[in-house]
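Q: Please take a close look at one part of this structure for me. I would like a connected account that starts with the chain as a whole, goes down to a single residue, and then comes back out to the partner chain.

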There are 2 protein chains.
Amino acid sequence: MTVYRIDLGYDGGGFRGYARNAGVRSVQEVIEGALAMMCGADVPTVVAGRTDAGVHARTQVISFEWDGPIDPARLTRSLDGMVGPEIVIRAVTAASSEFSARFSATGRTYKYFIDDSPSPDPLRRGWVWHVPEVLDVDAMNLAAAAFVGEHDFASLCRAAEGRSTIRLVGSAVWSREADLLVFTVAATSFCHQMVRSMVALCVDAGRGRVAAGTVPAIIAARDRNAARGVAPPHGLVLWDVEF
Amino acid sequence: MTVYRIDLGYDGGGFRGYARNAGVRSVQEVIEGALAMMCGADVPTVVAGRTDAGVHARTQVISFEWDGPIDPARLTRSLDGMVGPEIVIRAVTAASSEFSARFSATGRTYKYFIDDSPSPDPLRRGWVWHVPEVLDVDAMNLAAAAFVGEHDFASLCRAAEGRSTIRLVGSAVWSREADLLVFTVAATSFCHQMVRSMVALCVDAGRGRVAAGTVPAIIAARDRNAARGVAPPHGLVLWDVEF
């Protein structure tokens, strides 16, 4: 068996998330469907970052094992043609036999895009959350600083029975890039809805509805009710995966 | 009669152009339809820049006359709610009695966005032309320099019986902005398909298929067949209108 790696990106707007889920359109279903057509058999895949419904990926990585003949350059072109234009297949390459997109990934970086000007930009409405109220970036950075380090993020994650909510966040920073406000957060991995919960909390700090200094206590509470809901999915992009 | 000005923007991807045209969906039809609902009568409008099918506007301006009572702030919100999210109404304001979005406009600026990296970005596919070949920006700027000044642009315009193709171009520059290649061109006005013809010619110069030094002769030929077709509409954005 040879392990193959697929580098791809997608506009998540038209999908009910990355992961296959009966009865709904998922990125995984579209890609595995195309792979099955090319290979003539079902080809199970694993993924670096399971994005939620409506969340995008600039960079996503999946891997699969296959023992038949594959021309990676040709498979790249064929898959790309079958799954586009919402999904872009950048490259299919042969990887080492131990490679797993899921378990070999050592870090994930997400970005979240906000426009806090009075009117939204219709061309970017698919991946920018419009918040028509000028946000205080200093307060948002003060809030975000509390995320850095190893914490139990139970307050900021959708609970999953029996799964740890302890995560190691390497960096979490808000910056103004051109006319957008961008949150860049890197961690070894994230639990469910964690980035969108962080964004909602920071935006409330930026609006003055939450004092940034209370964020450590919100985290320490390990109680989902202590937080501030979740930001909408369409502003979130899986930006990079490290191996 | 009071003259009102509407500042708006739109994603042109779902419209067959700005101008009303029987049997197809146009930006003008959607806006005039909403205005007619609000005013209880047909309200003819004029526009600063008639964009083609699939072309976007970050900034567009229209004007209309009306003698009934209008609360501009309320009309802004109502119209915006009726025409969104592809069209964004930024402001409705009372203008001077001589104001015309078409005839008072003294300059129009367009931008054209190109991504010349190997793979397209699926999130920006609606407003960026993907050219999978690294382009020579210096050659493109050499080509673009020939557009500046007053010329008969018959080689670069779709012919319209009895209408002049002489235009005054103030500036025409290509620049790399983050990972995109951006053409910014300003003129008092443009004739039909002029910017997209300019872009096609510059891209062929950037690919080395046309020598940038031949552009003055292509313009001087005043012959549409001397040029290089048109770039696709979706990369083009009406960026600004001066009054």
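A: Happy to. Let's begin with chain A as a whole, where buried residues make up 40% of the 243 residues. Please keep in mind throughout that this is a predicted model. For chain A the mean pLDDT is 95, and 100% of the residues reach 70 or more.

In secondary structure, chain A has 5 helices and 10 strands. Its radius of gyration is 19 Å, close to the 18 Å that the globule rule gives for 243 residues, so chain A is as compact as a globular protein of that length. Taken along the principal axes, the C-alpha atoms of chain A fill a box of roughly 60 × 40 × 30 Å. If you look at the contacts in chain A with a separation of 6 or more, 72% of them are accounted for by residues 24 or more positions apart.

Next, the division of the chain. The domain assignment splits chain A into domain 1 (2-95) and domain 2 (107-242). Taken over C-alpha atoms, the centres of these two domains of chain A are separated by 27 Å. The domains do touch: 15 residues of domain 1 of chain A are in contact with 11 residues of domain 2 of chain A. On the domain 1 side of that contact, the residues fall into 5 nonpolar, 7 polar and 3 charged.

Now for the single residue, E242(A). You will find E242(A) in strand β10 (residues 236-242) of chain A, and 242 is also the last number in the bounds of domain 2 of chain A. Is E242(A) buried or exposed? There are 13 other C-beta atoms within 10 Å of it, so E242(A) is partly exposed; a buried residue would need 20 or more, and an exposed one would have 12 or fewer. Which residues does E242(A) contact, leaving aside its neighbours within four places in sequence? They are A105(A), T106(A) and G107(A). Of these, G107(A) has the number at which domain 2 of chain A begins in the assignment. There is also R108(A), which is 134 residues away from E242(A) in sequence, while their C-alpha atoms are 6.3 Å apart in space.

From there, let's move out to the partner chain. The contact between the chains takes 18 residues from chain A and 18 residues from chain B. On the side of chain A that touches chain B, the elements giving two or more residues are β1 (2-10), β3 (56-66) and β4 (87-95) of chain A. It is β4(A) that gives the most, with 3 residues. By class, this side of chain A divides into 8 nonpolar, 4 polar and 6 charged residues. For the complex, the predictor gives an ipTM of 0.88 and a pTM of 0.92.

Finally, a stretch of chain B to look at while you have the model open. Strand β7 (residues 149-152) of chain B pairs with strand β8 (residues 166-177) of chain B in the antiparallel sense over 4 bridges, and there E150(B) has L168(B) in β8(B) as its bridge partner. β8(B) also pairs in the antiparallel sense with strand β9 (residues 180-187) of chain B, over 8 bridges, with S175(B) standing opposite V182(B) in β9(B). The hairpin of β8(B) and β9(B) has 2 residues between the strands, and in it A178(B) takes a positive phi near 55°.

Conventions
Residues are numbered from 1 along each chain as its sequence is written. Chains are lettered from A and ligands numbered from 1 in the order in which they are written. This is a predicted model: local features need pLDDT of at least 70, side-chain atom pairs count only at pLDDT 80 or more; totals for chains, interfaces and linings use all residues. Two residues are in contact if their C-beta atoms, placed from the backbone, lie within 7 Å. Ala, Val, Leu, Ile, Met, Phe, Trp, Tyr, Cys and Pro count as nonpolar, Asp, Glu, Lys and Arg as charged, and the others, Gly among them, as polar. pLDDT is the predictor's confidence in each residue, from 0 to 100. Two strands pair if DSSP finds at least two bridges between them. Domain bounds come from an automatic or database domain assignment. The radius of gyration is taken over C-alpha atoms; the globule rule is 2.2 Å times the number of residues to the power 0.38.
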